[in-house]
Amino acid sequence: MSRYVRLNDVELHYIAAGAGPLVILLHGWPQTWYAWHAIIPRLAERFRVIAPDLRGTGLSERTPGGYDKRTIAEDLRALIAHAGASPAAVVGHDMGGKAGYVLAHLFPDAVARLVLVDCLLPGTENMDALRGGAWHYGFHMAPEMPEMLTRGRERAYISAQIKAWSHRRDAISEAAIDEYARHYAAPGGMTAGFNYYRALRDDAPFAATLRGRKLAMPVLAITGRFGVGNKLADALKGEADRLTAVVVEDSGHFVAEEAPETFIHELQRFLAA
């Protein structure tokens, strides 16, 4: 069921399904809630599932600011409170994972369990392409330039990025890419997406203030061998005493799509523990 709610000065669109303990699913870039469309029916058999379009993406409001992960975490805390089922299990991929991590630190009473899916913790990204980092960080963070160069080519750019980050190149269908591209190609869509990267400049020093704090809840880090591999679990070891780490061997960045059976098995097992 598609719904809208206004909270924290932004109108968010979300999909709701099922009944039971609350699970929040957070997508990354360049996706929308639709990243979870194959997972939602499986989870909804046992859980109440909410999958929002993060601020600025999909059908959610495109705001001029607020793409730092602290503000996104505040959006999510308000969404969980609106659902009336705090605490919730929070599952976040990519940028959604960064926001989920900040949410768990700032508002631990709102998060029963935390699942981080092939993401890097804010401030641990390698943005230096000369030293093995990903080139797209600098491109996305540049003012105005990425909008100019992708205008009219949004689908081609999104498709190329998804395929570059996938190990199974056909795991995300052309229809799904169409779905993402139509939202990002809408007025302000690419800017909102790039703003998640531009906000990394502020995310890193803020996340540094969280280092040394402990995450109170159980944490699952599930990554692709051809995605971030062991880097996520290694970064979490000092702050998550109840950490479960799973590296999916035949997957890249998009674990839920590239290895859906493994992903849902590990997720359900962790949520039921």
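User: What classes of residue line the second largest pocket?

Analyst: That lining has twelve nonpolar, three polar and three charged residues. Ala, Val, Leu, Ile, Met, Phe, Trp, Tyr, Cys and Pro count as nonpolar, Asp, Glu, Lys and Arg as charged, and the others, Gly among them, as polar. One caution: this is a predicted model, where local features need pLDDT of at least 70 and side-chain atom pairs count only at pLDDT 80 or more, while totals for chains, interfaces and linings use all residues. Numbering starts from 1 along each chain as its sequence is written, and side-chain values use heavy atoms, with hydrogens and water left out.

User: Which elements give two or more residues to that lining?

Analyst: α7 (174-184), α11 and α12 (260-272) do. α12 gives the most, with three residues. Helices (H or I, at least four residues) and strands (E, at least two) are DSSP runs, numbered from the N terminus.

User: How much space is in there, and which residues lie nearest the centre?

Analyst: About 250 Å³. The lining has 18 residues, and His-37, Ala-38, Ala-171, Ala-256 and Glu-257 lie nearest the centre. A pocket here is an open set of points on a 1 Å grid over the protein atoms alone, with protein on both sides within 12 Å along at least five of seven lines. A cavity is a set of points where a 1.4 Å probe fits but cannot get out. Lining residues have an atom within 4 Å of a point. Points are joined across faces, edges and corners, and a volume is the space filled by probe spheres set on them.

User: What about the largest pocket? What volume does it have?

Analyst: About 560 Å³. It is lined by 22 residues, and the closest to its centre are Leu-120, Ala-134, His-136, Tyr-137 and Val-228. α3 (95-106), α4 (136-141) and α6 (154-165) each supply at least two residues. By class, there are ten nonpolar, eight polar and four charged.

User: And closed spaces? How many cavities are there?

Analyst: Two, counting those of 30 Å³ or more. The largest holds about 50 Å³. Its lining is Gln-31, Ala-35, Trp-36, His-93, Val-117, Phe-254, Val-255, Ala-256, Glu-257 and Phe-263. Seven of these residues are nonpolar, two polar and one charged.

User: Which helix gives the most to that lining?

Analyst: α11 (residues 255-258), with three residues. Ala-256 and Glu-257 line this cavity, and they also lie among those nearest the centre of the second largest pocket.

User: What lines the other cavity?

Analyst: His-27, Gly-28, Trp-29, Leu-54, Thr-57, Met-95, Tyr-184 and Tyr-196. The volume is about 40 Å³. Five of the lining residues are nonpolar, three are polar and none is charged.

User: Trp-29 caught my eye. What kind of peptide bond runs from Trp-29 to Pro-30?

Analyst: A cis one, with omega near 5°. Pro-30 sits in the loop between β3 and α1 (40-43). Ser-86 and Pro-87 are also joined by a cis bond, with omega about 0°. Pro-87 is in the loop between α2 and β5.

User: Switching to the sheet. In what order do the strands come?

Analyst: β1-β2-β4-β3-β5-β6-β7-β8, an open sheet of eight strands with mixed pairing. Two strands pair if DSSP finds at least two bridges between them. The edges are β1 (2-7) and β8 (243-248), each pairing on one side only. From one strand to the next the twist averages 20°.

User: How do β2 and β4 run, and how many bridges join them?

Analyst: They run antiparallel, and four bridges join β2 (residues 10-17) to β4 (residues 48-52). Ala-16 stands opposite Ile-50 in β4. In the loop between β1 and β2 is Asn-8, which has a positive phi of about 50° although it is not a glycine.

User: Which strands does α2 lie across?

Analyst: β1, β2, β3 (22-26), β4 and β5 (88-93). Helix α2 (residues 69-83) runs at about 115° to β1. Axes are lines fitted to C-alpha atoms, for helices over the stretch in contact (heavy atoms within 4.5 Å). Angles run from 0 to 180 degrees between N-to-C directions.

User: How do α2 and α3 cross?

Analyst: At roughly 70°, with axes that come within 8 Å. They are therefore roughly perpendicular to each other. That label covers 65 to 115 degrees; under 35 is roughly parallel, over 145 roughly antiparallel, and the rest oblique.

User: Which residues meet there?

Analyst: On α2, Lys-69, Arg-70, Ile-72, Ala-73, Leu-76, Arg-77 and Ile-80. On α3, Met-95, Lys-98, Ala-99, Val-102, Leu-103 and Leu-106. The contact has nine nonpolar, no polar and four charged residues.
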